Amino acid sequence: SARATEGGGSDGGRSPPPSALVDYAAFLKEVERGVIPPVCLLHGPESFLVNDALASVTHACCPEPSLVSLNRECFDARDTDPETIVRSALTLPFLAPVRLVAVRESQALAAKDSQSLGQYARAPNPSTRLLFLARAALPADHWLLKVVPPSAVVLLRPPTRRELPEWLRRRAAVNGFSLTEEANQLLIQWVGDDLAALVGEQ
């Protein structure tokens, strides 16, 4: 595979704004605009939101479904060495502006993994979006929170009742269809605020 060299690769899309993207709803708005930091950490105990975040970023990076298998690689941190993750992140995208590398179960990354991944995070490939996904709220002293820029660390929290209609609209768009405001409200009244159930009814 082609690899990015120093100063090479595409520009990887727009850079994120300087404001911190610590709120999940705000992060989703930026993703919808195509603004995704080169290295992100999304963490929280809600498994459904981890999968939702990956689906949203995948849709933004690879809007053409046929190219997802060529431009997205997912790893499980429990059985993947950091060098493999870095090699994948240095691979250039194919027929797309950016490549997505997702690392599930990132809470399992040990301190010994911090050297190579931390070095990459300080000088990431501009045509890759490296997504660390942790199915737990990481403790404040976890090394990932020290190497990922604070503006790219997102705490995954369920949307509030007020945020649900907008969240449902975005989720429907990721799945390739649209929902009217009236349909959203009826769905929430019928199902409640169970996220998995709401998506299952869409």
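Which backbone oxygen does the side chain of T91 reach? In this predicted model, the side chain of T91 reaches the backbone oxygen of R87, at 3.1 Å. T91 is located in the loop between α4 and β3. With a relative accessibility of 9%, T91 counts as buried, because the limit for a buried residue is under 20%. The partner residue, R87, is named here for its backbone oxygen; the helix that precedes the loop, α4, comprises residues 82–89.

The elements on either side of this loop belong to a wider arrangement of strands and helices. Five strands make up an open sheet, and their order is β2-β3-β4-β1-β5. The pairing within the sheet is parallel. Its edges are formed by β2 (72–76) and β5 (153–155), each of which pairs on one side only. From one strand to the next, the twist averages 15°.

At the β5 edge, the neighbouring strand in the order is β1. Strand β1 covers residues 39–43 and is joined to β5 by three bridges, the two strands running parallel. Within this pairing, L42 has V154 of β5 as its bridge partner.

Two helices were examined in relation to the sheet. Helix α2, formed by residues 47–61, lies across β1, β2, β3 (99–104) and β4 (128–134). The direction of α2 is at about 170° to that of β3. Helix α4 likewise packs on the sheet, where it touches β2, β3 and β4. The angle between the directions of α4 and β3 is about 160°. Strands β2, β3 and β4 are thus named among the contacts of α2 and also among those of α4.

Backbone geometry was considered next. Most residues other than glycine have a negative phi. Two residues depart from this pattern. L95, which is not a glycine, has a positive phi of about 55°, and E105, also a residue other than glycine, has a positive phi near 55°. L95 lies in the loop between α4 and β3, the loop that also holds T91. E105 is found beyond β3, in the loop between β3 and α5 (114–122).

The surroundings of these two residues can be set side by side. L95 counts as exposed because its relative accessibility is 66%, where the cut-off for exposure is over 50%. E105, by contrast, has a relative accessibility of 10% and therefore counts as buried. Within the loop between α4 and β3, an exposed residue, L95, thus occurs together with a buried one, T91.

Methods: Residues numbered from 1 in each chain as written. Predicted model: local features only at pLDDT ≥ 70, side-chain atom pairs only at ≥ 80, totals over all residues. Heavy atoms only, no water. Pairing = 2+ DSSP bridges. Helix = DSSP H or I, 4+ residues; strand = E, 2+ residues; numbered from the N terminus. Axes fitted to C-alpha atoms, helices over the stretch in contact; angles between N-to-C directions. Contact = heavy atoms within 4.5 Å. Buried < 20%, exposed > 50% of the residue type's maximum accessible area, 1.4 Å probe, protein only. Polar contact = N/O pair within 3.5 Å; in protein donor to acceptor, adjacent residues only side chain to side chain.
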